[in-house]
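Open the model in your viewer and keep the selection panel at hand. The tour moves from one selection to the next.

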Amino acid sequence: MARAFAAARSDMAEYLHIQSGREQAVRDFIEKPPEADVSLDSPIPEKDFNSAGKGSAEVKNLLKRLGVNPEVLRRVAVSAYEAEINVAAHSQGGEMLSHIYPDMIHVVFNDEGPGIADIEQAMVPGYSTADEMVRELGFGAGLGLPNIKKNADALRIRSEANGKTQLEFLIFFNSDE
Amino acid sequence: MNKEESQYYHALYILPDNCTGCTACVRVCPTEAIRVRDRKAWIDPNRCVDCGKCIEVCEFHAILPHSDPLDLIQNFKYRIAILSSSYFGQFTEDISYEVAKQAVFELGFDEVQEEAMVTEFMISMIRDYIRGNRAKRPILSSNCPTVVRLVQLKYPSLLPNLFHLEAPMSILTSYIRERVMEEKGIPEEDIGIFLIVPCPAHMTAVHQPEGAYKRLQDGAFSIGMIYGRVHEHLKNLQNNPPQIDTYPKGLTWALSGVQAELVDCEDIRTLSVNGVENVMEILSRVEDHYLDQYDYIVLRSCTNGCVGGSFNVENPFVAMSRIKKMIKEGENAGLDTQGLEKLYQQGEFDVSPLAPRSILELDKDIKKAIMKMKKLNEILTTLPGLNCCACGSPSCYALAEDIVQGKATIDDCVVLLRRHSKEED
């Protein structure tokens, strides 16, 4: 299972963003990823906007049962939903894997598709490569990735052209650090 | 049966003799509040939101709404009825608005007032509130008591977004009580004010109001019960049409869509949502800030708004059509809103901040909650996943949750029991 922030291969484009103040905690996680207490996985079918969003809704309900702070919950829900829509809109389908720990959540999205040619550019608000069909459905405004970056404590994207793309983010449950 | 103590009143109760344990109510409950144990349904008072879905679905009349007895008005010298707007959608079109209203006097009331009187005032108060609370966008309507309880139970992060002023029937109650005491010199304890309500949630709200600084009404009667009582007076009144004030333009309050349209204006964008499933989906999206473009969201648990309440006798679509006709054709009697304005400025319509009543947490301690979640997932893999309800819990997931919380055992699963007994053969 592709759980941790594993080492990248050289033929892959990579992007990593960590919110300031979280560097040490994120590095600790990358170096020694612990065993997850609870995991959830859900498939994301290609261009299926009816079921896209189900995985993030499931995660939100699970976190509510754990009594996670509502503001943190919202950040997880927004990040997961945006990433889920991205996979549905751009790839040939993929999966969402959520790993829950007592102090944080780690969510991984794997897909097969065109890949993200220029990740830095994709992080610019308003930049979008979404096709006509996706835009007609009201998605593809180019705010997905910037929104995840804003809400997650750490975001990493690794992508190979015409191959696998992996997006993962970490969100800590306690907001003071 | 494990009867948990609860501080919560509910306007519905179970008649165990009628209950067959069929689980129809268990499946339909939006907050998973009902379980069948020992072949009888039981409602968790901490989870019930008084939506009335179980009353509607029960074929055996085993879940009944609570209504105060009409005799209750005899305890007061001066009796006032306040009619919910949906009342006027219940009658066939040969019965006029005036006749339907006058008929309530015949039951022994000294005054009959209407929720519809204050609709216009409410709309301006709501607009005022939205403009003064832009940071809490979107504001969520709080008139439907089921919606308020749903927010407390399942979406507590949205509590600050609820419209924090009294509902129209409560505003009217304060205003009328004050006026009658002043104009007629009747002492407070002699005045009885009663609501004629469309649903169990409003019945509960009269007996246990959320956020109210004082209890306002002296009782409530269901529209269905009043409808049955006024019937014998209708014929007589039709022959002698009464001359009384009516407020057809205000009947919009019974219809969630029309109410949203009225609040909507240049600087306020509104959305109208009805039906409990839709309400829950929208609340979840508001929680994630996906509906921040709206300033005001009208949320009603019943189809089309209060016309869909389970105490009504007419179908919600027919009732809506009749009310729309009345709104179109009628003219309001004049109403001096100075008195209302004064009470509003004095803060008489304020409600206290509402407290969360979260029902979802498995445990207060997150480490323990995670342990329970792990166990829950383990149990879930052994359950058949049919969601058949035969155990008395609404789904396999809910049974796993009940087992983890010590409220059920794996032996409650009928399907597993059957499989095991076959293996033993």
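Select Ser272(B) and look across to β11(B): the residue standing opposite is Val298(B). This is a predicted model. Now widen the selection to β10(B) and to β11(B), residues 296-300. The two strands pair in the parallel sense, over five bridges.

Add β7(B). You now have an open sheet of three strands, in the order β7-β11-β10, with parallel pairing. Which strands stand at the edges? They are β7(B), residues 139-140, and β10(B), residues 270-274. Each has a single partner strand, so one side of each has no neighbour in the sheet.

**Domains of chain B**

Colour chain B by domain. Use 1-65 for domain 1, 70-345 for domain 2 and 362-425 for domain 3. Hide domain 2 of chain B for a moment. The C-alpha centres of domain 1 and domain 3 of chain B are 21 Å apart. Between these two domains, eight residues of domain 1 are in contact with five residues of domain 3.

Stay on the domain 1 side of that contact. Select α1(B), 24-28, and β2(B), 34-37: each supplies at least two residues here. β2(B) gives the most, with three residues. Colour this side by residue class, and you should find three nonpolar, one polar and four charged residues.

**Helix pair in chain A**

Move to chain A and select α2(A) and α3(A). Their axes come within 8 Å and cross at roughly 165 degrees. With angles over 145 degrees counted as roughly antiparallel, the two helices are therefore roughly antiparallel to each other. The crossing of α2(A) and α3(A) is right-handed.

Show side chains where the helices meet:

- From α2(A): Gly55(A), Ser56(A), Val59(A), Lys60(A), Leu63(A) and Lys64(A).
- From α3(A): Leu73(A), Val76(A), Ala77(A), Ala80(A), Tyr81(A) and Glu84(A).

By class, this helix contact has seven nonpolar, two polar and three charged residues.

**Where the chains touch**

Bring chain B back into view. How many residues of chain A are in contact with chain B? There are 13, and they are in contact with 16 residues of chain B. Keep α2(A), 54-65, and α3(A), 70-90, selected: each supplies at least two residues of the side of chain A that touches chain B. The largest share, five residues, comes from α3(A). As a last step, colour that side of chain A by class: eight residues are nonpolar, one is polar and four are charged.

Definitions and conventions. Residues numbered from 1 in each chain as written. Chains lettered and ligands numbered in written order. Predicted model: local features only at pLDDT ≥ 70, side-chain atom pairs only at ≥ 80, totals over all residues. Contact = placed C-beta atoms within 7 Å. Helix = DSSP H or I, 4+ residues; strand = E, 2+ residues; numbered from the N terminus. Nonpolar A, V, L, I, M, F, W, Y, C, P; charged D, E, K, R; others polar. Domains from an automatic or database assignment. Pairing = 2+ DSSP bridges. Axes fitted to C-alpha atoms, helices over the stretch in contact; angles between N-to-C directions. Parallel < 35°, antiparallel > 145°, perpendicular 65-115°, else oblique. Left-handed = near helix turned anticlockwise from the far one by under 90°.
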